[in-house]
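New to this one? Here's a quick briefing on its ligands and the spaces inside it. Have a look at the model first, then read on.

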Amino acid sequence: MAVDLLLGLQWGDEGKGKIVDVLTSNYDIIARFQGGPNAGHTLVFNGMKHVLHTIPSGIFHEKSTNLVGNGVVIDPVIFKKELDKLDTQNIDYKLSLIISRKAHLILPTHRLLDAASEAAKGKAKIGSTLKGIGPTYMDKTGRNGIRVGDLELDNWTEKYRALANKHQAMIDFYDVDLQYNLNELEDEFFAAVETLKSLAFIDSEAYLHNAQSEGKSILAEGAQGSLLDIDFGTYPFVTSSNTTAAGACTGLGVSPGSIKEVFGIFKAYTTRVGSGPFPTELFDEDGETMARVGHEFGATTGRPRRCGWLDLVALRYACQINGVTQLMMMKADVLSGFKTLKVCTSYRYKGQEINHLPYNIEPENVTPIYTEFHGWSEDLTQMDHASTLPEALMTYIDFLESELDIPIKIVSVGPDRKQTIFR
Ligand code: GDP
Ligand code: IMO
Ligand code: MG
């Protein structure tokens with residue numbers, strides 16, 4: 001049985017959590033393949049809002065198994081908080097939530113290193129969520145990391161201590177004013193590790209291979225977005241993992257040939273949280289309207305998200321890198337009421353018009369060239385069928401489909417599970 005992939009095509013927060021939840025009933029297994037608690041995936045149903053950081057977004061469906069894959073980095077402290085929230089909602093995850101032994105652990109000192117590194121960068125900071133993501137992936141690729149499977153060994157705390165001591169020396173090296181009480185942080189960490197150990201640790205690649213041969217269906221859930229990919233994003237203003245399709249192969253151990261559908265999710269406009277270039281960013285009333293109507297605040301940090309028009313140059317690039325087979329357009333409802341909509345269809349770059357993403361998209365290098373569309377005034381949030389969508393929105397959708405040559409299969413018209421129109 002094939003694996004389907006779902007990932008974000010912009011700078012994250014496209015609405016991945018919502019759509020994984022919507023699609024989960026079609027799958028036996030939902031598997032997160034990269035990232036960590038820098039992610040904030042929001043699900044809304046039955047009048048309740050849930051935000052997940054590390055736990056896959058299929059957790060609210062009784063029948064699905066939810067796997068945290070080897071490519072994910074886990075902070076036991078945040079993981080425990082997520083479990084505690086599920087407990088208050090009487091969600092039984094003991095059998096349905098499983099964890100790869102090969103996933104790496106975020107230690108308290110990884111978080112401190114993240115903070116020290118950002119403080120030392122000053123104005124040039126990445127705008128990290130400060131969850132320790134960069135330092136943990138650095139230890140992974142540097143071959144120093146501690147993995148979930150290590151927790152089953154008697155001497156793992158020795159390994160922990162050696163690594164934490166090294167981290168402390170590195171924190172001192174940064175020479176920034178960082179107030180912390182490591183003893184307190186470690187008490188919290190070791191208590192949370194015990195909670196983590198109450199879940200099943202598995203050899204997840206073998207589990208997924210068996211599941212595939214038994215005919216089970218798998219949906220791989222991405223975190224962040226393609227423009228935050230460590231290789232293909234707006235480096236260095238990116239995260240530290242491969243957020244693109246290839247990341248699902250390395251982050252789960254599934255073969256490229258087993259991947260069937262690649263669902264690419266994008267907002268009908270663009271947002272970005274943290275630092276880094278954003279060619280179509282708006283600093284005017286239109287941008288403020290998007291932020292206000294779309295409630296554009298980070299699900300993990302609460303920071304305001306920067307807003308701008310849809311960037312088709314960047315979207316085309318993301319579709320190519322991921323091999324997207326189906327598109328899903330989110331937050332169409334937020335654009336209701338704009339008289340005119342703009343889509344960036346090419347860039348002016350060094351005096352020339354180009355329609356690919358160049359190496360450097362800083363504002364001094366790139367000026368977006370826009371195509372304008374009529375807006376629509378209808379409220380979309382109660383609409384439940386494609387035939388009821390306003391004509392101006394259909395023109396917008398048709399244009400994007402023809403430019404990208406990929407069908408838009410879902411139009412999302414509100415945060416709720418039910419506010420989802422299939423085409
Ligand atoms: P993710 O990280 O990709 O899962 O996305 P986030 O949860 O961080 O951000 C998406 C935000 O938009 C959340 O607050 C969702 O509840 C909300 N949302 C998702 N789809 C829609 C939609 O179609 N319309 C509106 N208005 N909000 C949406
Ligand atoms: P989801 O899965 C949006 C951004 C941060 C920062 C950069 C590096 O909810 O879409 P990191 O903490 O990884 O060192 O931060 O990446 N970032 C996200 N932006 N959504 C996310 O996840 C993000 N995860 C990281 O704001 O600019
Ligand atoms: Mg998010």
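Let's start with ligand 1, which has 19 residues around it in this predicted model. G15, K16, T42, D333 and S412 are the closest of them. Ligand 2 comes next, with a shell of 20 residues, and after that come the empty spaces.

**Ligand 1: who's around it**

- Sorted by class, the shell around ligand 1 holds seven charged residues, seven polar ones and five nonpolar ones.
- Two elements, α1 (16-23) and β3 (41-45), each put at least two residues into the shell around ligand 1.
- Which element gives the most to that shell? That's α1, with three residues.

**Ligand 1: polar contacts and cover**

- The side chain of D333 has an N or O atom 2.8 Å from a nitrogen atom of ligand 1, and D333 is also among the closest residues to this ligand.
- K331 joins in through its backbone: a polar backbone atom there sits 3.0 Å from an oxygen atom of ligand 1.
- R305 uses its side chain instead, with an N or O atom 3.2 Å from an oxygen atom of ligand 1.
- How much of ligand 1 does the protein cover? On its own the ligand has 590 Å² of accessible area, and the protein covers 93% of that.

**The pocket that goes with ligand 1**

- Ligand 1 takes up the space of the second largest pocket.
- That second largest pocket has a volume of about 590 Å³.
- There are 27 residues lining it, and T42, G294, R305, K331 and P415 are the closest to its centre.
- Some names come back here: R305 and K331 also make polar contacts with ligand 1, while T42 is one of the closest residues to that ligand.
- The lining of the second largest pocket gets at least two residues from each of α1, β3 and β4 (48-52).
- By class, that lining splits into ten polar, nine charged and eight nonpolar residues.

**Ligand 2**

- Of the 20 residues around ligand 2, the nearest are D13, K16, H41, T129 and T239.
- K16 turns up twice, being listed among the closest residues to ligand 1 and among the nearest to ligand 2.
- T239 has a side-chain N or O atom 2.6 Å from an oxygen atom of ligand 2.
- H41 offers a polar side-chain atom 2.7 Å from an oxygen atom of ligand 2.
- N38 has an N or O atom in its side chain 2.9 Å from an oxygen atom of ligand 2.
- What share of ligand 2 does the protein bury? Taken alone, ligand 2 exposes 560 Å², and 97% of that is buried by the protein.
- The shell around ligand 2 has ten polar, seven nonpolar and three charged residues.

**The cavity**

- How many cavities of 30 Å³ or more does the structure hold? Just one.
- The largest cavity contains about 50 Å³ of space.
- Its lining is made up of L9, Q10, W11, L227, T270, L310, D311, A314 and L315.
- Two elements give two or more residues to this lining: β14 (310-311) and α10 (312-322).
- By class, six of the residues lining the largest cavity are nonpolar, two are polar and one is charged.

Conventions
Residues are numbered from 1 along each chain as its sequence is written. Chains are lettered from A and ligands numbered from 1 in the order in which they are written. This is a predicted model: local features need pLDDT of at least 70, side-chain atom pairs count only at pLDDT 80 or more; totals for chains, interfaces and linings use all residues. Side-chain values use heavy atoms; hydrogens and water are left out. On a 1 Å grid over the protein atoms alone, a cavity is a set of points where a 1.4 Å probe fits but cannot get out, and a pocket is an open set with protein on both sides within 12 Å along at least five of seven lines; lining residues have an atom within 4 Å of a point. Grid points are joined across faces, edges and corners, and a volume is the space filled by probe spheres set on the points. Helices (H or I, at least four residues) and strands (E, at least two) are DSSP runs, numbered from the N terminus. Ala, Val, Leu, Ile, Met, Phe, Trp, Tyr, Cys and Pro count as nonpolar, Asp, Glu, Lys and Arg as charged, and the others, Gly among them, as polar. A residue is near a molecule or strand if one of its heavy atoms lies within 4 Å of it. A polar contact is a pair of N or O atoms within 3.5 Å; within protein, one must be able to donate a hydrogen and the other to accept it, and residues adjacent in sequence count only if both atoms are side-chain atoms. Accessible areas come from the Shrake-Rupley method with a 1.4 Å probe; for residues, only the protein chains shown count as cover. A molecule sits in a cavity or pocket if more than half of its atoms lie within 2 Å of its grid points.
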